Amino acid sequence: MKLYRLTLWLVAATVVVAACSKDSGTDPPPPKPSECPQPPTAECFAPTPLTIQVPAGYPEMPQPDDNPLTVEGVELGRLLFYDPILSGDSTQACSGCHLQERAFSDSRPVSEGIRGLKGNRHAPVIINPAWTGDTFWDGRAHGLEDQAKAPVPNEIEMDLPWNVAIERLKEHPTYPEKFCAAFGTDCITVNRVVKAIAQFERTFVSFNSKYDKVRRGEETYTPEQFAGYRIFTSEIGDCFHCHMEPLFATPGKFANTGLDSVVVDRGRFVVTGNPGDMGQFKSPTLRNVTERFTYMHDSRFSSLRQVIEHYNLGFHNSPLVDPLIRARIPNPDPNIPPSQRRRLMRDGEIDTLIIFLETLTDPDFLFNPELSNPYP
């Protein structure tokens, strides 16, 4: 691997800039400020590129140009994800609210942060996050790097100023060499911390459920599972509009699902200020949906049947509710043409739909040792 020396790089860059200035007769643009202005204190090798194998027929994994996956970056991100060093009293890690066996969601109705302080929402799942667009229930973070910046200084979640967190990492006996391996220099910054965590989270790939094996021609559905799939992908269940195959999510999709007659949590509206976004929340992926402790942003439902019954006939109708939900009979929106209205699902159909949803469970993801806690 190529050995990098910052001093030599700076000398070479100075020569190139000077030559360009003389040749062009114009002043070169000012250099961008360096993320790490201080010279490195250790010699570091270039990190090893990492490619995640995605099955044929699935969308290619998107990743930012300034944060490509590397073996060392993912390793560092895994350590940071499970390490409580980033919390004020060193008791709370990212993994405290994102449990692998729960599809990296919480096992409590409302997530708790440092000192047992409670938030007002359930921690969302982290499944195939590279594909699912803006993060948090209200979509206020644009990408995994942006999302990872928020919990550390949040007073309820981890309550540690970033400058203190960075000093802790610099003084740690092993983290400086881990950053050296992951980024080519031992400089530790907020951006590098969140980039490492984001790299690790991009490896949270779940494409090996029974659904996937059927899709690849390796297995076949039982008659009940296939009947459930037909309900899912038809107007009977009408699930597919918001939970599109093969991700079973729609990036950028937010919806008011009629949870309350009067909006309690304003959701997406707080981010956009658009009155039409009042009470809207992100449509989560349905992969591994049977492994979750609760459902909805506020954990009001404890079973999939309760969720489906809500969409079937239990929602509170209002102009803010998504039209796909308002089309249900017996209480359809009067503005929905009769030809677009859909009948209610029968009890047996709900049971059959749940049988299909069980095929979205991926044990290899839920118990993947490469995603588990690296600490003893």
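The crossing of helices α10 and α12 is right-handed. In this predicted model, the two elements span residues 304-314 (α10) and residues 347-357 (α12), and their axes come within 10 Å of each other, crossing at roughly 125°. That angle makes α10 oblique to α12, because angles over 145 degrees would be needed for a roughly antiparallel arrangement and 65 to 115 degrees for a roughly perpendicular one. Two packed helices are described by the angle between their axes together with the distance between those axes. On the side of α10, the contacts are made by Leu-304, Arg-305, Ile-308, Glu-309 and Asn-312. Their counterparts in α12 are Asp-347, Ile-350, Asp-351, Leu-353, Ile-354 and Leu-357.

This helix pair belongs to a chain with 13 helices and 4 strands. Of the 376 residues of the chain, 46% count as buried. Among contacts with a separation of 6 or more, 64% are accounted for by residues 24 or more positions apart. The chain exposes about 18900 Å², and carbon and sulfur atoms supply 57% of that area.

The cysteine residues were examined next. A search of the whole structure finds 1 disulfide, which joins Cys-44 to Cys-180 with an S to S distance of 1.8 Å. The bond links distant parts of the chain, with the two positions 136 residues apart in numbering: Cys-44 lies in strand β2 (residues 44-45), whereas Cys-180 lies in helix α5 (residues 175-183). The torsion about the S-S bond of Cys-44 and Cys-180 is about -120°, and the disulfide is therefore left-handed. Both Cys-44 and Cys-180 are buried.

Two further cysteines, Cys-94 and Cys-239, were considered with respect to bonding. For Cys-94, the closest cysteine sulfur is that of Cys-97, at 9.1 Å, which is too far for a bond, because a disulfide requires sulfur atoms within 2.5 Å. Cys-94 has a relative accessible area of 17% and is therefore buried, the cut-off being under 20%. For Cys-239, the closest cysteine sulfur belongs to Cys-242 and lies 9.2 Å away, again too far for a bond. The relative accessible area of Cys-239 is 15%, so Cys-239 is buried as well.

Methods:
Residues numbered from 1 in each chain as written. Predicted model: local features only at pLDDT ≥ 70, side-chain atom pairs only at ≥ 80, totals over all residues. Heavy atoms only, no water. Buried < 20%, exposed > 50% of the residue type's maximum accessible area, 1.4 Å probe, protein only. Contact = heavy atoms within 4.5 Å. Areas by Shrake-Rupley, 256 points an atom, 1.4 Å probe, with all protein chains shown as cover. Axes fitted to C-alpha atoms, helices over the stretch in contact; angles between N-to-C directions. Parallel < 35°, antiparallel > 145°, perpendicular 65-115°, else oblique. Left-handed = near helix turned anticlockwise from the far one by under 90°.
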